[in-house]
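Hello,

Here is the structure we spoke of handing over. My notes on it follow below.

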Amino acid sequence: QRQEFGSRDTAHHPSPVQYPGGAAAPRERMASNGVSGKRKRSDRATAPSAVGEDDKSGGGAYMDGMGNEFSTEALPGAIPAFGNNPQKCAYNLYAEQLSGTAFTKPRHCNQRSWLYRIRPSVIHSPFTSCSAGKVVSDWNDPSAAVVDPNQMRWNPMPIPDAATGESVDFLDGLVTMCGHGDPMGKEGCAIHMYTCNASMGDKCFTNSDGDMLIVPQVGTLDITTEFGKIMLAPHEICVIQRGVRFNVGIPDAAAPATRGYVFELYQGHLQLPDLGPIGANGLANARDFLYPCAAFEDRDCEYTVINKFGGKFFSATTDHSPFDVVGWTGNYAPYKYDLDKFCCMNSVTFDHPDPSIYTVLTAPTNDHGTAVIDFVIFPPRWMVMEKTFRPPYYHRNCMSEFMGMVYGKYDAKEGFAPGGASLHSCMTPHGPDAPTFDAASSAHLEPHKFDAGLAFMFETSALLKLTPWALEAEHRDMNYQKCWDALPKYYNGEK
C-alpha cells in the first residue's frame with residue numbers, strides 16, 4: 001500500500017490566530033500545506049500556515065523559529081497527548097527518539113526529537129562497506145589530504161549534461177575540496193561541492209559523522225527527510241543534522257542542472273551568533289528559520305540506506321520507505337533559511353568592518369569567540385563610509401576562509417564567478433586585485449548600494465588540507481595568484 005505524503009501540523013496556538021484577510025484560525029481542519037504556531041497542551045487548534053507564501057522554492061509546509069520546541073503530525077492524534085513513549089502509540093505507531101546531544105547536556109542546549117513512525121529505523125539489513133565516491137574524511141592520510149598554503153581559486157564546477165546521457169544524483173555528485181580533524185573523534189570539518197542532474201530514487205543518505213549545511217547555487221532541490229519535505233532554492237540554505245535520513249530529488253525535469261556547496265561539521269551544531277552590543281535584533285532573525293511539517297509515506301519497496309560513518313560509506317537495505325514518520329515533536333530537526341531575509345549591519349561613519357558582522361550561523365569551539373565555522377554572507381547592502389577604502393582590506397587571518405559565489409560578482413576582485421570557489425588559508429595574504437584597488441582608491445565617496453551579487457564564506461579556525469581532486473581539478477584557476485602581480489609600488493617618499 002502507498003500513502004502519499006501529507007501533513008497535518010499540530011504545533012498549537014494558545015488562542016485563535018489571525019491570518020491574512022482577517023480570518024481566524026479554524027479548529028481541527030486538515031491542512032495539506034501545514035500550519036505553524038506554538039504548542040499548548042490543552043488547545044489542539046490547527047490552521048493553514050502563512051509561512052512559506054514567499055518561499056523561493058515554490059512553497060511548502062513549514063513551522064518557524066530557530067530553537068523552538070515543535071509538534072507536528074500528518075494524522076490527528078499521532079503525537080501522544082501525555083508523555084513521549086506511551087505503552088501503545090496511536091495508529092499502532094512506534095515511538096523513537098533521535099538524540100542530537102548527550103542526554104546530560106544542559107537543558108538550554110539539549111537537542112532531541114521524538115518520532116512516531118510506522119516502522120522503527122532499526123529494521124534494515126546489515127551494513128556493508130561501499131564506495132564513498134569522491135568524498136574524503138581521512139585528513140591524516142598524506143595521499144588524500146595535502147598541505148598547501150597558496151591562494152586557491154576554482155572556476156565553476158562543470159554540471160553533468162543530461163543530453164549526453166550523464167546521470168548523477170546528489171550523493172554521486174558530492175566532491176570533497178578540503179577539511180581537517182577526525183570524524184571518529186567528532187572534531188573538525190570538511191567542505192564539499194556538489195553537482196547533480198538526477199534524483200536519488202529509492203535511496204537515502206544519513207551522515208553519522210556530522211551536520212551538513214547545504215548552499216545551492218543553481219537549481220532547486222526537493223529534499224525529503226524523516227521530519228518532512230524541504231524545497232531548497234538558490235538564495236536559501238538548509239541544515240540537515242547528524243543522523244537524519246534524507247533523499248534529494250530534482251523537481252524540475254525540464255531544468256535538472258544543480259550545483260552548490262556543502263559544509264560538513266564534525267563537532268557540535270550550528271547556532272545563531274550572539275549579538276553583543278548590536279542588541280536584541282539584527283542579522284538572521286530566529287523567526288525566519290523554517291522547519292518542515294510532518295509528512296509521510298507508507299510504501300513497501302526495496303530501499304537503500306547509505307550511512308557515512310567514521311569517514312567511510314556503508315550500505316544497507318530495507319523493505320519499506322524510511323520516510324514513514326507520521327508525527328514528531330522536539331527541537332532536533334532539519335531547517336532552512338532565506339538569505340535575502342538577513343538584516344545586514346555596516347559602518348555608517350568610517351572604516352570597513354570585519355566580516356564577522358555578516359555571520360548567519362556559527363559553531364563555536366571551547367575557545368570562547370573562536371568558531372569551527374562562521375557561515376558569513378556578503379549580501380546586497382549600502383556603502384556609506386567616509387574617507388574609507390570600501391572593499392575588503394588586505395588581510396592575513398588566523399582563520400581559514402573558503403568562499404563561494406551564489407550569483408553576480410564579488411566586490412573585492414574580478415573573475416570570481418558564480419559557482420566558483422576560493423580558499424585563503426591561515427595567514428595566507430589576500431585582498432583586492434589591482435583593478436579593484438585602483439578604482440576604490442580614487443572613487444568619489446557617496447552613498448552607494450552594492451546589489452550586484454551574493455557571496456558567502458565558510459570561515460574556520462582550522463588549517464585546511466586539500467584533496468588531490470581539488471588541487472588537480474581542470475577548473476582550478478592556476479593563474480589566480482597573478483591577480484595581485486599588477487599591484488604597483490606607489491610609494492615615492494612623499495606624504
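**Strands 24, 25 and 27**

Met405 has Ala455 of strand 27 opposite it. This is a predicted model, in which local features need pLDDT of at least 70, side-chain atom pairs count only at pLDDT 80 or more, and totals for chains, interfaces and linings use all residues. Residues are numbered from 1 along each chain as its sequence is written, and side-chain values use heavy atoms, with hydrogens and water left out.

Helices (H or I, at least four residues) and strands (E, at least two) are DSSP runs, numbered from the N terminus. Two strands pair if DSSP finds at least two bridges between them. On that basis, strand 24 (residues 400–408) pairs with strand 27 (residues 453–460) in the antiparallel sense over 8 bridges. Strand 24 also pairs with strand 25 (residues 421–424), again antiparallel, over 4 bridges. Within that second pairing, Met403 has Ser422 as its bridge partner in strand 25.

Of the 9 residues of strand 24, 7 are buried (buried means under 20% relative accessible area, exposed over 50%, partly exposed in between, with a 1.4 Å probe and protein chains only).

**Overall figures**

The protein has 2 helices and 28 strands. Of its 495 residues, 54% are buried. The accessible surface is about 22,000 Å², and carbon and sulfur atoms hold 52% of that surface (Shrake-Rupley method, 1.4 Å probe; for residues, only the protein chains shown count as cover). Among contacts with a separation of 6 or more, 76% are between residues 24 or more positions apart; contact means heavy atoms within 4.5 Å.

As for confidence, pLDDT is the predictor's own score for each residue, from 0 to 100. The protein averages 88, and 88% of the residues score at least 70. Over residues 10–53 the pLDDT is below 50, although this stretch has 106 contacts in the model beyond near neighbours in sequence.

**The sheet of 9 strands**

An open sheet of 9 strands runs in the order 1-16-20-13-10-15-8-7-28, with antiparallel pairing. Strand 1 (62–64) and strand 28 (465–466) are at the edges with a single partner strand each, so one side of each has no neighbour in the sheet. Inside this order, strand 16 (residues 289–292) and strand 20 (residues 335–338) make an antiparallel pair over 2 bridges. Phe289 stands opposite Tyr337 of strand 20.

**Strands 11 and 12**

A hairpin links strand 11 to strand 12 through 2 residues. The two strands pair in the antiparallel sense over 5 bridges, and Leu221 has Leu232 as its bridge partner in strand 12. Strand 12 (residues 228–232) is largely enclosed by the rest of the structure, because 4 of its 5 residues are buried.

Thr224 belongs to strand 11 (residues 221–225). Its relative accessibility is 8%, so Thr224 counts as buried. The side chain of Thr224 makes a polar contact with the side chain of Lys229 at 2.9 Å. A polar contact here is a pair of N or O atoms within 3.5 Å; within protein, one must be able to donate a hydrogen and the other to accept it, and residues adjacent in sequence count only if both atoms are side-chain atoms.

**Helix 1**

In helix 1 (residues 434–442), Ala434, Thr436 and Ala440 are buried. Seen down the helix axis, the buried residues fall within an arc of 160 degrees, so they line one face of helix 1; the arc is that of the directions from the helix axis to the C-beta atoms.

**Loop residues**

Most residues other than glycine have a negative phi. Two residues to check against that are Asn92, with phi near 60 degrees, and His235, with phi of about 85 degrees. Asn92 is in the loop between strand 2 (70–73) and strand 3 (94–99), and at 54% relative accessibility Asn92 counts as exposed. His235 is in the loop between strand 12 and strand 13 (236–240).

Thr388 is in the loop between strand 23 (381–383) and strand 24. With a relative accessible area of 8%, Thr388 is buried. A polar atom of the Thr388 side chain lies 2.6 Å from the backbone oxygen of Glu386. Leaving aside neighbours within four places in sequence, Thr388 is in contact with Phe350, Asp351, His352 and Leu445.

Regards
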